[in-house]
Amino acid sequence: MNTDQQAGIPANRILITGASRGIGAYIAEGLANSSRTLILVARKASHLDPVASACETAGADVCILGCDLSKRESIAQMIKVVLSDGAPDMIVNCAGVSGQEVAPWESDPDQWWQTQLVNLRAPYLIQRWLVPTMLERGGGRILDLSSGAAVTDFETSSDYWTSKTALFRLGSSMHVAGFERGLRVLEMAPGVVQTDMTRHMKMHEGRTQWTDPEDVVAIASAFADGKLDGLSGAFVRAGVDSLGSLIEKSIAGIGGDERRLRVTPWAK
Ligand code: NAP
């Protein structure tokens, strides 16, 4: 990120995976404005048509790309198309699949690995192939849709819990390796937003309290606008962390150990 961007220059070319529905759709529509080009990704380009129309109505230029993020070759093709128009200055890793709600030893091994392909390998490959060009241009931003699953223990869905913990670690590696060259990375847990994913999860059956998607969009927008760059490498939680407190912390600067996934001392 060049000095202009450190001063909070908004990202204007943003790749968003999982933009066809749920949180990715909310974020795409929330980031859409006339200064931006949004590159929206889901398995089929046609899934993205309604969100693309809404983003265009808000003034954004939109490119829709079908890509099966569980397949390396499909990601490679998608990246080729993206780079043909220049690297994005922000990546939102939102596409994801939920886990198998059974004990780890009861899970289907192929499905367990499929979760890693979509939730972890896809963000890795996207970054592996886009970040070098972003760095050549002075840096950029990466927003990972993390989860409480990255930082808690749980008895089922070990595939999902594992993928989100590893995504967090990938994000921290990106932050540590890329910060000096202008990369800013934020891990955002979106709370519990009512989407296709959560509607089908046993653990949310009967839930009446949901996170307002606006809280998620507010953090994503502030990060895209350069207002949360001081939190790079940290974990934030929509619906729990107020936007005002995050902006204050970003300006004040955070300590090296704050909100990192780290070994903590034994309890006395
Ligand atoms: P969702 O409603 O199920 O949407 C999932 C998105 O991912 C869709 O756009 C889907 O697109 C895309 N996707 C899934 N598999 C794909 C594949 N193989 N290739 C390309 N795209 C694929 O999920 P959500 O609830 O919005 O969750 C979004 C992200 O937030 C996920 O990473 C999830 O882990 C995280 N998260 C959500 C919650 C929550 O409360 N909802 C909580 C914590 C974390 P197509 O089906 O059109 O391909």
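## Ligand shell and salt bridges in a predicted model

In this predicted model, the helices α2 (22-31), α6 (158-178) and α7 (196-199) each contribute at least two residues to the shell around the ligand. That shell is made up of 31 residues, and the closest of them are R21, R43, H47, Y160 and T195. Beyond the ligand site, the whole structure contains 7 salt bridges, and one network of such bridges joins R21, D196 and R199.

**Make-up of the ligand shell**

- With 3 residues, α7 provides the largest share of the shell around the ligand.
- Sorted by residue class, the shell around the ligand consists of 15 nonpolar, 11 polar and 5 charged residues.

**Polar atoms facing the ligand**

- H47, which is listed among the closest residues of the shell, places a polar side-chain atom 2.6 Å from an oxygen atom of the ligand.
- I23 approaches the ligand through its backbone, where an N or O atom lies 2.8 Å from an oxygen atom of the ligand.
- C67 also takes part through its backbone, one polar atom of which is 3.4 Å from a nitrogen atom of the ligand.
- Of the 890 Å² of accessible area that the ligand has on its own, the protein covers 95%.

**Salt bridge within α7**

- The side chains of D196 and R199 form a salt bridge with an N to O distance of 3.1 Å, and both residues belong to helix α7, where they stand 3 residues apart, or about one turn of the helix.
- D196 is partly exposed, its relative accessible area being 30%.

**Salt bridge between distant parts of the chain**

- R259 and D241 are paired in a salt bridge whose closest N and O atoms are 3.1 Å apart; this pair links distant parts of the chain, since R259 sits in the segment after α9 (243-252) and D241 in the loop between β7 (235-237) and α9, 18 residues apart.
- The two partners fall into separate exposure classes, for R259 is partly exposed at a relative accessible area of 36%, whereas D241 is buried at 12%.
- Salt bridges that share partners connect R21, D196 and R199 in one network, and R21 is also one of the closest residues to the ligand.

**Salt bridge between D68 and K71**

- D68 and K71 form a salt bridge in which the closest N and O atoms are 3.1 Å apart.
- Both partners are partly exposed, D68 with a relative accessible area of 22% and K71 with one of 47%.

Conventions: Residues numbered from 1 in each chain as written. Predicted model: local features only at pLDDT ≥ 70, side-chain atom pairs only at ≥ 80, totals over all residues. Heavy atoms only, no water. Near = heavy atom within 4 Å. Polar contact = N/O pair within 3.5 Å; in protein donor to acceptor, adjacent residues only side chain to side chain. Areas by Shrake-Rupley, 256 points an atom, 1.4 Å probe, with all protein chains shown as cover. Helix = DSSP H or I, 4+ residues; strand = E, 2+ residues; numbered from the N terminus. Nonpolar A, V, L, I, M, F, W, Y, C, P; charged D, E, K, R; others polar. Salt bridge = Lys/Arg side-chain N within 4 Å of Asp/Glu carboxyl O. Buried < 20%, exposed > 50% of the residue type's maximum accessible area, 1.4 Å probe, protein only.
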